[in-house]
Amino acid sequence: MFIVETKDLTKKYGRITAVDGLNLRIEEGDIFGFLGPNGAGKTTTILMLLGLTEPTSGSAYVAGHNATREPLEVKSITGYIPEKVGFYEDLTAAQNLVYTARLNGLSDGLANKRAAEALDIVGLPRAAERNVSEFSRGMKQRLAVADILIKQPKIAIMDEPTSGIDPEGIVQVLDLIAKIAKETNMTIVMSSHQLYQVQRICNRVGILMDGRLVAEGLLEELSREAMGGVQFRIEIKLTEITQAIVEAIKQISGVLSVEQSPSGLTINCSEDLRPQIAKKIVDTGGLMVEMKIQSYALEDIYLKYFREG
Ligand SMILES: Nc1ncnc2c1ncn2[C@@H]1O[C@H](COP(=O)(O)OP(=O)(O)OP(=O)(O)O)[C@@H](O)[C@H]1O
Ligand SMILES: [Mg+2]
């Protein structure tokens, strides 16, 4: 059984089709990245998964429960970080978490302990006694992750969990989400328009455009498919480029193409061939001054679909 499954899920707002015949399948333990530009239908899909908005047609299931007909069952096993996170503003961060913990049946003592631990983990230990009304957007976002930690749901659905967080914080929060998922086998569904974020922690990804899933699969598979085998781009700078060097590099197994630019070479290859390339250059009498590697990833896929979509 899939922990999340949608069948021809469709949502229309008047003439706009926000979600268009979506068939999504997410397995337990997946960290699923739901990727798409503004207005693609990510939030609308998430709201339907949670039973917070009704599909126009089709259906959504979470752990076998029909989200529209059994929203309470879905709610009891799902943690949700909405696009705009909401807390009790006149309570402190710790009080908000204790509230969640009590709702989950924890005793007061344990609730307090867990709340303090969770705030510590998400990097808000000194903010525990401050009212949420004083929190910045990013602080609220972190508190939302702490709330998930307290609730420990089977599945956490996060609508852009990193919005409003500073760059360094984004990496921390993403890694934290990945860590929680791994340690608790929690399924994560997270939406984002930023590729590198999805790439950092997700194992599966679905790309949504105009309410339709244009690509879905394992991150690695998707990269391979979309890029016709190109996985790495190695850029090198040489004191002098000779035809002998270019030819020698082309002979290396795994090299797909070699392009020449004024200052160096750009090599597309199917694996990380830096040592082999460096050796060939030396063997051919060349002198390398710089070497950079870039792994092709979702960005290229994403942009490809953007252009075609
Ligand atoms: N309540 C609503 N009433 C009318 N149209 C809506 C409503 N909610 C969403 N839409 C429309 O549905 C489409 C999908 O919106 P949605 O919010 O799901 O996109 P999104 O992928 O979450 O975008 P973003 O990345 O900006 O959050 C958009 O065209 C939007 O204008
Ligand atoms: Mg949205």
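Q: In this predicted model, which residue of E14 stands opposite Ser261?
A: Start with the strands themselves: E13 covers residues 255-261 and is joined to E14 by six bridges, with the two running antiparallel. They make a hairpin with two residues between them. Across from Ser261, the residue in E14 is Gly264.

Q: How many bridges pair E12 with E14, and in which sense?
A: E12 spans residues 232-238 and E14 spans 264-269. One spot to look at is Ile234, which stands opposite Ile267 in E14. The pairing is antiparallel, and the count of bridges is six.

Q: Which residue in E15 stands opposite Glu235?
A: E12 and E15 run antiparallel and are joined by seven bridges. Opposite Glu235, the residue in E15 is Lys292.

Q: What is the strand order of the four-stranded open sheet?
A: The pairing in this sheet is antiparallel. Its edge strands, each pairing on one side only, are E13 and E15 (288-295). From one strand to the next, the twist averages 15 degrees. Put together, the order reads E13-E14-E12-E15.

Q: Which strands of that sheet does helix H10 touch?
A: Two helices are worth a look here. Helix H9 (residues 243-250) packs on the sheet against E13 and E14, its direction making about 160 degrees with that of E13. Helix H10 (residues 274-283) also packs on the sheet, at about 155 degrees to the direction of E15, and the strands it touches are E12, E14 and E15.

Q: How far apart are the centres of domain 1 and domain 2?
A: The domain assignment gives the chain domain 1 at 4-218 and domain 2 at 227-308. Taken over C-alpha atoms, the separation of their centres is 39 Å.

Q: What is the order of the strands in the six-stranded open sheet?
A: Pairing in this sheet is mixed. E7 (78-81) and E11 (212-218) are the edge strands, each pairing on one side only. The twist averages 15 degrees from one strand to the next. The order is E7-E8-E9-E4-E10-E11.

Q: Which residue in E10 stands opposite Leu35?
A: Strand E4 holds residues 31-35, and E10 holds residues 204-209. Four bridges join these two strands, which run parallel. Facing Leu35 in E10 is Ile207.

Q: Which residue in the turn between E1 and E2 has a positive phi?
A: E1 and E2 (residues 16-22) pair in the antiparallel sense over four bridges. Tyr13 has Ile16 as its bridge partner in E2. The two strands form a hairpin with two residues between them, and the one in the turn with a positive phi of about 60 degrees is Gly14.

Q: What are the bridge partners of Glu5 in E3 and in E5?
A: E1 (residues 4-13) pairs with E5 (residues 57-62) in the antiparallel sense over five bridges. Two bridges join E1 to E3 (residues 25-26), again antiparallel. In E3 the partner of Glu5 is Arg25, and in E5 the partner is Tyr61.

Q: Are H4 and H5 oblique or parallel to each other?
A: The axes of H4 (residues 108-121) and H5 (residues 137-151) cross at roughly 135 degrees and come within 9 Å. An angle over 145 would count as roughly antiparallel, and roughly 135 degrees falls short of that cut-off, so the helices are oblique.

Q: What is the handedness of the H4 and H5 crossing, and how many contact residues are nonpolar?
A: The crossing is right-handed. On the H4 side the contact uses Arg114, Ala115, Ala118, Leu119 and Ile121, while H5 brings Ala146, Leu149 and Ile150. By class there are no polar residues and one charged, and the nonpolar count is seven.

Q: Why does H5 count as roughly parallel to H6?
A: H5 and H6 (residues 167-184) pack with their axes 11 Å apart. The angle is about 10 degrees, and angles under 35 degrees count as roughly parallel. That is why H5 and H6 are called roughly parallel.

Q: How many polar residues does the contact of H5 with H6 have?
A: H5 contributes Gly138, Arg142, Val145 and Leu149, and H6 contributes Gly169, Val173, Leu176, Ile177 and Ile180. Six of the contact residues are nonpolar and one is charged, while the polar count is two.

Technical notes:
Residues are numbered from 1 along each chain as its sequence is written. Chains are lettered from A and ligands numbered from 1 in the order in which they are written. This is a predicted model: local features need pLDDT of at least 70, side-chain atom pairs count only at pLDDT 80 or more; totals for chains, interfaces and linings use all residues. Axes are lines fitted to C-alpha atoms, for helices over the stretch in contact, and angles run from 0 to 180 degrees between N-to-C directions. Angles under 35 degrees count as roughly parallel, over 145 as roughly antiparallel, 65 to 115 as roughly perpendicular and the rest as oblique. A crossing is left-handed if the near helix is turned anticlockwise from the far one by less than a right angle, and right-handed if clockwise. Two residues are in contact if their C-beta atoms, placed from the backbone, lie within 7 Å. Ala, Val, Leu, Ile, Met, Phe, Trp, Tyr, Cys and Pro count as nonpolar, Asp, Glu, Lys and Arg as charged, and the others, Gly among them, as polar. Domain bounds come from an automatic or database domain assignment. Two strands pair if DSSP finds at least two bridges between them.
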